[in-house]
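Visitor: Could you walk me through a protein structure, and tell me how you know each thing you say?

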Amino acid sequence: SNLVEVLQKPVESRLSKIDHKRDLDRGKFNHLCKVYVGLLNEFYCLSSDEIILLLTEIGFSIDEEGLERVAFCCVALKWASSTFVGFERIHYALQGDREAAKFEFKKPLADKIRRRAKFREYWKDYDPARIDAVDQELS
């Protein structure tokens, strides 16, 4: 009765915002950070150039300086880290309980576990130094 009347407007207001909370907003720094970590979760590890290319393709406006800010914040939050293979910086996600971003792929990449294993296998076959450097950091 009285309590329902008092709470109805705030609850309805909050519920109307829930669906929009999941929408990607390319103008928000925290969304950029989550997509960065999400890409690292998917691809196991990526170079700075690869990340900038992928983020640009997704619609973010980012350069080396912007990537440095994103990486710094994600390291501080213990979401990600990086290492070097020669002069190339390689970024990787630190394993957490939750997914930073959810990506949906079509077949044959629809199965998340298989897909991620295939990406890791690709690096192992074509860039073993990259995998070795990241694995050493994660162990």
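Guide: Here is a short round of questions and answers about this protein.

Guide: This is a predicted model, where local features need pLDDT of at least 70 and side-chain atom pairs count only at pLDDT 80 or more, while totals for chains, interfaces and linings use all residues. Residues are numbered from 1 along each chain as its sequence is written, and side-chain values use heavy atoms, with hydrogens and water left out.

Visitor: How many helices and strands are there in the protein?

Guide: Six helices and three strands. Both are DSSP runs numbered from the N terminus: helices are H or I with at least four residues, strands are E with at least two. Along the sequence you read α-α-β-α-α-β-β-α-α.

Visitor: What makes β2 and β3 a pair?

Guide: Two strands pair if DSSP finds at least two bridges between them. β2 and β3 (residues 88-93) have six bridges, so they qualify, in the antiparallel sense. One of the bridges joins A80 to A93 in β3.

Visitor: In what order do the three strands form the open sheet?

Guide: The order is β1-β3-β2, with antiparallel pairing. β1 (45-47) and β2 (80-85) are at the edges because each has a single partner strand, leaving one side of each without a neighbour in the sheet. From one strand to the next, the twist averages 30°.

Visitor: Which helix lies across β1, β2 and β3?

Guide: That's helix α2 (residues 29-43), running at about 90° to β3. For such angles, axes are lines fitted to C-alpha atoms, for helices over the stretch in contact (heavy atoms within 4.5 Å). The angles run from 0 to 180 degrees between N-to-C directions.

Visitor: Why is C73 in no bond with the cysteine sulfur in C33?

Guide: A disulfide is a pair of cysteine sulfur atoms within 2.5 Å. The sulfur of C73 is 5.2 Å from its closest cysteine sulfur, in C33, so that's too far for a bond. In fact, the structure holds zero disulfides. C33 is in none either: its nearest cysteine sulfur, that of C74, is 4.1 Å away.

Visitor: Why does C33 count as buried, and what does C73 count as?

Guide: Buried means under 20% relative accessible area, exposed over 50%, and partly exposed in between (1.4 Å probe, protein chains only). C33 has 4% relative accessibility, so it counts as buried. C73 has 27%, so C73 counts as partly exposed.

Visitor: How much of the protein do buried residues make up?

Guide: Buried residues make up 32% of the 139 residues.
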